[in-house]
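Hi everyone, thanks for coming along. I'd like to walk you through one protein model today, going piece by piece. Have a look at it on the screen before we start.

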Amino acid sequence: MRNTAPVHKNQDLILHIDALTSEGQGVGRVEGFAVFVPFALAGETVSAHVIKVTSSYAVAKLIEVMEPSPERVEPLCPVFYACGGCTVQHLNYRSQLEYKRQAVADALERIGGFKGIEVLPAIGMDEPWQYRNKGSFPIGNVGGEISIGFFSPRSHRLVPTYTCPISDRRVIDTANKVAEWANENRISAYDEQTKRGVLRHVVVRATQAGGIMAVVVTTTSKLPHSEQLKEKLDAVDSLYHNVNPNDTNVIFGAEFKLIFGASVLTETVCGNKIIVSPRSFLQVNPLQCEKLYEKAIEYLNPQPHETIADLYCGVGTISLLLARRAKRVIGIESVPDAIADARRNAELNGLANVDFICGEAEKVLPKRIADGLRPNAIILDPPRKGCEEQVLKAIADSKADRIVYISCNPATLARDLKLLKTHNLTPHLTHPLDMFPHTSHVETIVLLSKLNAKQHIAVDINMDELDLTAPEKKATYEQIKAYVQEHSGLKVSNLNIAQVKQKCGITERKNYNTPKSPTAKQPHCPPEKESAIMAALKHFGMIKSLRRD
C-alpha cells in the first residue's frame, strides 16, 4: 500500500510545536499529520529532520530551535540530549509540574471519560536535584575503557555517565569507583552481542542515615579481584556479588553473595524502620516518598476501629503507617522476598496488627472477599500495568467506604477508574505528585468512594449564624492551605476545606465533598483544623463573621 503521509523520510521541516506527549516529546503537525520531535517544547518553532514515517505519524530529529519557548532552560546534565534517563530537563521546573498535572487530566478525560475532572496542582520538590537514592547502572566498553552509564533512548548504546544531577552524589561516586576497579584490574564488560565478558551491572543504594549498599553483577560465579574491590569501596557498608549468566535484560540473577559488611541496611520512612536488602523495592526519592504516603494516608483517613486492605504492599511501607492508625491491616503482595521483608519490618517496628499475605492480588482479594472479608477502606499501589479486572471487581464487591489508588501511570489509572465507575465508585479527589523530577513520570493519588454510602457526619453549625459575602469573593484551595499552615502550623487537605466550606454554605460548584445521598458518609475534619480553616475563610472575606452564643 502506497504511503499517503504528507511527509517523507529524510525530509527537512519547519514545525510549530503544539503540545508535549506524555513521554515528553514535542508534537507538530503537517496537514494535520502528527510529527513527534524529542526535545522540542510546546509553543516553539523548530527545524527538524524526519527519520521515521508510519501511516499515522512521523518522528523527526530536532535540528534547531528557531523560536524558543520562554519555559526552555539549559539542562544541568552534560549528556542530557544523549542519555535516556531524563526527558524534560530542558523545561523549567514550574512548567514541569503543570505539564504533569495536565498529563493526568488528559489521560482521565481521554481514556477514562471523566470530562472536566479537577486535578489538583502537582506536589513538587523545593530542590529537585540529587534526589535518587538508588541507581542501576549498566557497564560497557566505550572507546576501550570500562564505563558505567545509561542507555541512549530506544537502544542499548551506553552513554558514559561520570556525573548525574538527579542522583545522590554517593550513588554515582560508588558506581564510578566500580568502573575504576574494573579498568585497573582489566576486567571485561559483558557484551550483549557476543555474549562474552564478565561485568554486567552495578546497583547502588544510599540511605538517609548514611549507609551505602552496592551490588556488582557478573556472569561468573566468582568475583574476580574481590580484595581490590573491597579496598576501592572502603566507604561502602554492604557489598554483594550477584551472579547472572543468563541471556537476558533482567539485572539480577538468582544468586546473591555477601562479600563484606551488613547483610541489610535500615531506612526510615515516615518514622518507621524499613529493612533494605538487595532486592527490596523502595521509592528512590525519599523526600517525595514521605509526602506521597502521608498524603495518601490523609485522604484514606483510617480510624482506630477499622480494617484496611493494602494491595501490592511491597515491603510494607504503607501497611506499617496504617497499622499505627487502624485496628487491623491486611497487606497483599505477590513477591515472596518482599513479603518476608514486610513481616520483618512489622516485627522491627513492634506492630502486631498487620497480616501479610503472599499471592497475586487478583487471586487473593476476590477469595478473601468471597469468604467474608469486609475492609472499611482499601489502598492500592499497583505496578505500571495497573490492575487486573478481577482486582477492581473485588474492590467494588468489598463494600469499602473509601479507596485510595496510587498510580505511576496515568493511562492505566484512567482505564482502571473507568471500570471502577461502572461499579458505582467515583473519584472525588485527584492529586499528582512529582516523584521523578526532570522525567515525564508522575505519581497520582486518587480518593474514591461509593456513591451510595450509608453513614454521615452531622453538620452542627446553624446556617443562620453565618453572614456570607458575595459568592464571587473567593480564595483558592492552595491559598487557604497556605494561610492555615502559616497561622496555625496545621496542614489541611482539600477535603478538609471543602467540608468546612460546605458547612458554611459556600457551594460554588458540585465537588468531591458533596454527599451523593442524604446519608452519604464524609471523613471528619478535626475541630482544630475546622477552626483554622474558618479563620482563613474569614481572612479572605468568604465569610464576614461567625457569631456564637
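Let's begin with a single side chain: tryptophan 181 has a relative accessible area of 1%, so it counts as buried. Please keep in mind throughout that this is a predicted model. Where does tryptophan 181 lie? Its place is in helix 2, which covers residues 169-184. And what surrounds it? Leaving out residues up to four places away in sequence, tryptophan 181 touches Ile187, Leu199, Val216, Leu223, Pro224, His225, Gln228, Leu229 and Lys232. Take His225 from that list: histidine 225 is 44 residues from tryptophan 181 along the chain, and their C-alpha atoms are separated by 8.8 Å.

Now let's move over to helix 1, residues 93-110. Helix 1 has 18 residues, and from its first C-alpha to its last it reaches 25 Å, close to the 26 Å expected at 1.5 Å a residue. At the N-terminal end of helix 1 there is a cap, asparagine 92. A side-chain oxygen of asparagine 92 lies 3.3 Å from the backbone nitrogen of arginine 94.

Which residues of helix 1 are buried? They are Tyr93, Ser95, Gln96, Leu97, Tyr99, Lys100, Arg101, Ala103, Val104, Ala105, Ala107 and Leu108. Here is a handy thing to remember when you read such a list: an α-helix has 3.6 residues a turn, so residues three or four places apart point the same way. The cover over the buried residues of helix 1 includes strand 1 (12-20), helix 9 (410-422), strand 20 and strand 21.

Let's pick serine 95 out of helix 1. Serine 95 has a relative accessibility of 5%, and because that is under 20%, serine 95 counts as buried. As for distance, serine 95 and histidine 201 are 106 residues apart along the chain, and 34 Å separates their C-alpha atoms.

Another histidine brings us back to helix 1. Histidine 438 sits in the loop between strand 20 (425-433) and strand 21 (443-450). Is histidine 438 buried or exposed? With 3% relative accessibility, it counts as buried. Its contacts, again without residues up to four places away in sequence, are Cys86, Thr87, Val88, Gln89, Tyr93, Gln96, Lys100, Pro128, Trp129 and Ile166. Among them, Tyr93, Gln96 and Lys100 also appear in the list of buried residues of helix 1.

Next, the sheets. Seven strands form an open sheet with mixed pairing, in the order 17-16-15-18-19-21-20. Which are its edge strands? They are strand 17 (354-358) and strand 20, each pairing on one side only. On average, neighbouring strands in this sheet are turned by 15° against each other, direction ignored.

Two helices go with this sheet. Helix 6 (residues 336-348) packs on it, touching strand 16 (328-333) and strand 17, and its direction makes about 170° with that of strand 17. Helix 7 (residues 361-370) lies across strand 15 (307-311), strand 16 and strand 17, and runs at about 145° to strand 16.

Let's zoom in on strand 19, residues 402-407. Strand 19 is mostly covered, with six of its six residues buried. Arg402, Val404 and Ile406 point one way, Ile403, Tyr405 and Ser407 point the other way, and all are buried. Strand 19 runs antiparallel to strand 21, joined to it by six bridges, while with strand 18 (residues 377-380) it pairs in the parallel sense over four bridges. Tyrosine 405 is a nice one to look for: it stands opposite valine 446 in strand 21, and it is also the bridge partner of leucine 380.

There is a barrel as well. Five strands close into it in the order 1-2-3-5-4, with mixed pairing. From one strand to the next, the twist averages 50°. Within the barrel, strand 2 (residues 25-30) and strand 3 (residues 33-38) pair in the antiparallel sense over six bridges. The bridge partner of glutamine 25 in strand 3 is proline 38.

Finally, the cysteines. How many disulfides are there? The count comes to zero. Cysteine 408, for example, is in no disulfide, and the nearest cysteine sulfur, that of cysteine 387, is 11 Å away. Cysteine 408 is buried, with a relative accessible area of 18%, and cysteine 525 counts as buried too, at 2% relative accessibility.

That's my tour, thanks for listening!

Conventions: Residues are numbered from 1 along each chain as its sequence is written. This is a predicted model: local features need pLDDT of at least 70, side-chain atom pairs count only at pLDDT 80 or more; totals for chains, interfaces and linings use all residues. Side-chain values use heavy atoms; hydrogens and water are left out. Buried means under 20% relative accessible area, exposed over 50%, partly exposed in between (1.4 Å probe, protein chains only). Contact means heavy atoms within 4.5 Å. A disulfide is a pair of cysteine sulfur atoms within 2.5 Å. Two strands pair if DSSP finds at least two bridges between them. Axes are lines fitted to C-alpha atoms, for helices over the stretch in contact, and angles run from 0 to 180 degrees between N-to-C directions. The expected span of a helix is 1.5 Å times one less than its number of residues. A polar contact is a pair of N or O atoms within 3.5 Å; within protein, one must be able to donate a hydrogen and the other to accept it, and residues adjacent in sequence count only if both atoms are side-chain atoms.
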